Amino acid sequence: MLKTISCLHKAMMLLEYFTSNSWVWNTENMTMLMNQLTPEDKKVSKYMENYCMGTKKYVLNEEMSGLPAARKHLNNVSARCVVSLNYTFAGNF
């Protein structure tokens with residue numbers, strides 16, 4: 001029990017700096033770079049999708065039949081994560 005409490009305390013101390021301060025993220029550079037891309041360069045998402053599918057099929061030798069269920073699961077997990085983060089960082093404890 002003491003080991004668990006010690007571990008939790010250590011984790012809280014490590015995260016205190018990041019959870020106690022405000023953070024401002026600036027995305028102007030990313031927006032500027034995205035606006036400068038040609039339509040052909042913007043197809044990187046399609047490239048990444050094909051890369052991941054090829055890795056799944058040919059490197060990992062996994063079946064492609066489970067993709068619809070995996071996408072549905074990923075969407076559910078993503079939605080729950082967003083709701084959880086909004087709830088946590090909105091100060092509703």
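Is Tyr-47 buried or exposed, and what is its relative accessible area? In this predicted model, Tyr-47 is exposed, and its relative accessible area is 53%.

## Aromatic pairs

Two aromatic pairs are present in the structure. One of them joins Tyr-17 and Phe-18: the ring centres are 5.4 Å apart and the planes stand at 85°, so the arrangement is edge-to-face. An angle over 60 degrees places a pair in that class. Tyr-17 and Phe-18 are both exposed.

Tyr-47 and Tyr-51 form a stacked aromatic pair, with 6.4 Å from centre to centre and 25° between the planes. The assignment rests on two cut-offs, because ring centres must lie within 6.5 Å for a pair and planes must be under 30 degrees apart for stacking. Helix α3 (residues 44-59) contains both tyrosines, which are four residues apart, or about one turn of the helix. An α-helix has 3.6 residues a turn, so residues three or four places apart point the same way. Whereas Tyr-47 is exposed at 53%, Tyr-51 is partly exposed, with a relative accessible area of 48%. The two tyrosines are classed separately because exposed means over 50% relative accessible area.

## Salt bridges

The structure also holds two salt bridges. In one of these, the side chains of Glu-49 and Arg-71 meet at 3.5 Å, N to O. Glu-49 belongs to helix α3 and Arg-71 to helix α4 (residues 67-89), so this salt bridge ties together parts that are 22 residues apart in sequence. Glu-49 is partly exposed, at 35% relative accessibility, and Arg-71 is likewise partly exposed, at 43%.

Lys-56 and Glu-62 supply another salt bridge, in which their side chains meet at 2.7 Å, N to O. The relative accessible area of Glu-62 is 37%, so this residue counts as partly exposed.

## Helix α1 and the nonpolar patch

Helix α1 covers residues 2-20, and Leu-14 is placed within it. What span should the 19 residues of α1 have at 1.5 Å a residue? The expected value is 27 Å, and the end C-alpha atoms of α1 are 26 Å apart, which agrees. The helix nevertheless has a kink of about 40°, centred on Leu-14.

Among the 19 residues of α1, the count of buried residues is zero, and the helix is hardly covered. Leu-14 itself is exposed, at 60% relative accessibility. Leu-2 is also in helix α1 and counts as exposed, at 69% relative accessibility.

A nonpolar patch on the surface is formed by Leu-14, Leu-15, Tyr-17, Phe-18, Trp-23 and Trp-25. Together these residues have about 810 Å² of accessible area. The patch thus includes Leu-14, on which the kink in α1 is centred, as well as Tyr-17 and Phe-18, the partners in the edge-to-face pair.

## Helix α3 and the loop that follows

For the 16 residues of α3, a rise of 1.5 Å a residue gives an expected span of 22 Å; the end C-alpha atoms are 21 Å apart, in agreement with that value. This helix holds Tyr-47 and Tyr-51 of the stacked pair, and Glu-49 of the salt bridge to Arg-71 lies in it too.

Which residue just after α3 takes a positive phi? The residue is Asn-61, with a value of about 55°. This positive phi occurs in a residue other than glycine. Asn-61 is placed in the loop between α3 and α4, where it counts as exposed, at 61% relative accessibility.

## Separations across the chain

Leu-33 lies in helix α2 (residues 28-36) and is partly exposed, at 47% relative accessibility. Its C-alpha atom is 27 Å from that of Met-53, and the two residues are 20 apart in sequence.

Val-83 is in helix α4 and counts as exposed, at 56% relative accessibility. The C-alpha atoms of Val-83 and Val-24 are separated by 21 Å, with their positions 59 residues apart along the chain. For Leu-2 and Asn-86, 84 residues apart in sequence, the C-alpha to C-alpha distance is 32 Å.

Key:
Residues numbered from 1 in each chain as written. Predicted model: local features only at pLDDT ≥ 70, side-chain atom pairs only at ≥ 80, totals over all residues. Heavy atoms only, no water. Phe/Tyr/Trp six-rings, centres within 6.5 Å; stacked < 30°, edge-to-face > 60°. Buried < 20%, exposed > 50% of the residue type's maximum accessible area, 1.4 Å probe, protein only. Helix = DSSP H or I, 4+ residues; strand = E, 2+ residues; numbered from the N terminus. Salt bridge = Lys/Arg side-chain N within 4 Å of Asp/Glu carboxyl O. Patch = residues over 30% accessible without salt bridge, like charges linked within 9 Å, V, L, I, M, F, W, Y side chains within 5 Å. Areas by Shrake-Rupley, 256 points an atom, 1.4 Å probe, with all protein chains shown as cover. Expected span 1.5 Å × (residues − 1). Bend = angle between axes of the 7 residues up to and from the residue.
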